[in-house]
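Below is a set of questions and answers on how parts of one chain pack and pair with each other. Please have the sequence and the model at hand while reading.

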Amino acid sequence: MTTKTIDIPHLGGSTIGYKFGREYDASLPTMVMANSFTTSVELYRPQFANAELNAAMNLLAIEPYGHGATRANYRQFTYWDSAVANLQVLEALGIKKSFALGTSQGGWIATRMAMLAPDVIQGIVIFGTSMDFESQASMDRGCWNGSEFCSPSIDALSTPVSDDWVVGDDFVNAVLGAGLGEVVSEEERDFWLQTYRSNYTGDEGRRRLRTSTVNLRDRDGLEARLGEVKCPVLWVQGTADQVYSVANAEHGISQFTQSPSAELQIVDGGQHFLTASHPDTANTAVGAFVERWT
């Protein structure tokens, strides 16, 4: 199915980009998926292409503020806003219960959804993520230096640009390198270069890209709030993740003290965008989780 948009009231009125894996079936559970930094619903192409997953559940990817086809009348936004928007999309689509999945930043969007709407979110599956902010403690656990990665782009994107501006290839290649590792096929690289050039163009594109990068660097941590998550949690973490470490995942999963189940699954060789780097493993984990907790 193609990406569609839906209007919701949040942030002065918003148009949200979303995509179903197939026609919605109210008899099946739903899995809402939040994509990683500056990607789009197309991050979940391997999940949409999996017949077994699509037969077992409704797969619904929703693009956060600053990403893909999502737009708002207010120009400033945070991850909390994206969590609220996702919940309003569910309401607008008539979906009363859902699981939530997130890769990287999508992980903390899904977690925020569980905090905000415990009666809606049945469980969360989070991949290659962190519940901390970009703290010194996070770096001490072997995670990246988020400021070092983000700050140069934030500075470079601070000046208005002309209508023919498009995001640079260097930015895209840096994200792909961090997310998928050093070996990225030319086909995959070309796909994302074209997708980024379409999503981030002109001064509005520059502005959305900059705010998204500010959010990544300067976000609030969730660790002190995780006791508010009352649903099951599965955290899937790759050993080859260049952004967040296994030690960080071990620390993070231990903070879900009020969840009926909080489990960590380690994937040998898994990259940061694990749903894309190891789709078979990710799909199996998602299928088993939904089957267990439906």
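Q: In this predicted model, does Arg 197 count as buried, partly exposed or exposed?
A: A residue is buried under 20% relative accessible area and exposed over 50%, with partly exposed in between. Arg 197 has a relative accessibility of 29%, and because this value falls between the two cut-offs, Arg 197 counts as partly exposed.

Q: Which residue meets the side chain of Arg 197 in a salt bridge, and in which helix does that partner lie?
A: The N to O distance of 3.0 Å belongs to a salt bridge between the side chains of Arg 197 and Asp 169. Arg 197 lies in helix α8 (residues 186–199) and the pair ties together parts that are 28 residues apart in sequence. The partner, Asp 169, counts as partly exposed at 33% relative accessibility, and the helix in which Asp 169 lies is α7 (residues 169–180).

Q: Which residues are joined into one network by salt bridges that share partners?
A: One pair is formed by the side chains of Glu 204 and Arg 75, which meet in a salt bridge at 2.7 Å, N to O. This pair links distant parts of the chain, with Glu 204 in helix α9 and Arg 75 in the loop between β5 (71–72) and α3 (79–92), 129 residues apart. Glu 204 is partly exposed with a relative accessible area of 37%, and Arg 75 is partly exposed with 45%. Through shared partners, the network joins Arg 75, Glu 204 and Arg 207.

Q: Are Glu 134 and Arg 219 buried or exposed?
A: The side chains of these residues, Glu 134 and Arg 219, meet in a salt bridge at 2.6 Å, N to O. Glu 134 lies in the loop between β7 (121–127) and α5 (136–140), and Arg 219 in the loop between α9 and β8 (233–238), so the pair ties together parts that are 85 residues apart in sequence. With relative accessibility of 15% for Glu 134 and 7% for Arg 219, each counts as buried.

Q: How is α6 oriented with respect to α9, roughly parallel or roughly antiparallel?
A: The axes of helix α6 (residues 146–156) and helix α9 (residues 202–218) come within 9 Å and cross at roughly 160 degrees. Because angles over 145 degrees count as roughly antiparallel, α6 is, relative to α9, roughly antiparallel.

Q: How many residues of the contact of α6 with α9 are charged?
A: On the α6 side the contact includes Cys 150 and Ile 154, and on the α9 side it includes Arg 210 and Arg 217. The residues of this contact divide into 4 nonpolar and 5 polar, and the charged ones number 2.

Definitions and conventions:
Residues are numbered from 1 along each chain as its sequence is written. This is a predicted model: local features need pLDDT of at least 70, side-chain atom pairs count only at pLDDT 80 or more; totals for chains, interfaces and linings use all residues. Side-chain values use heavy atoms; hydrogens and water are left out. Axes are lines fitted to C-alpha atoms, for helices over the stretch in contact, and angles run from 0 to 180 degrees between N-to-C directions. Helices (H or I, at least four residues) and strands (E, at least two) are DSSP runs, numbered from the N terminus. Angles under 35 degrees count as roughly parallel, over 145 as roughly antiparallel, 65 to 115 as roughly perpendicular and the rest as oblique. Contact means heavy atoms within 4.5 Å. Ala, Val, Leu, Ile, Met, Phe, Trp, Tyr, Cys and Pro count as nonpolar, Asp, Glu, Lys and Arg as charged, and the others, Gly among them, as polar. A salt bridge is a side-chain nitrogen of Lys or Arg within 4 Å of a carboxyl oxygen of Asp or Glu. Buried means under 20% relative accessible area, exposed over 50%, partly exposed in between (1.4 Å probe, protein chains only).
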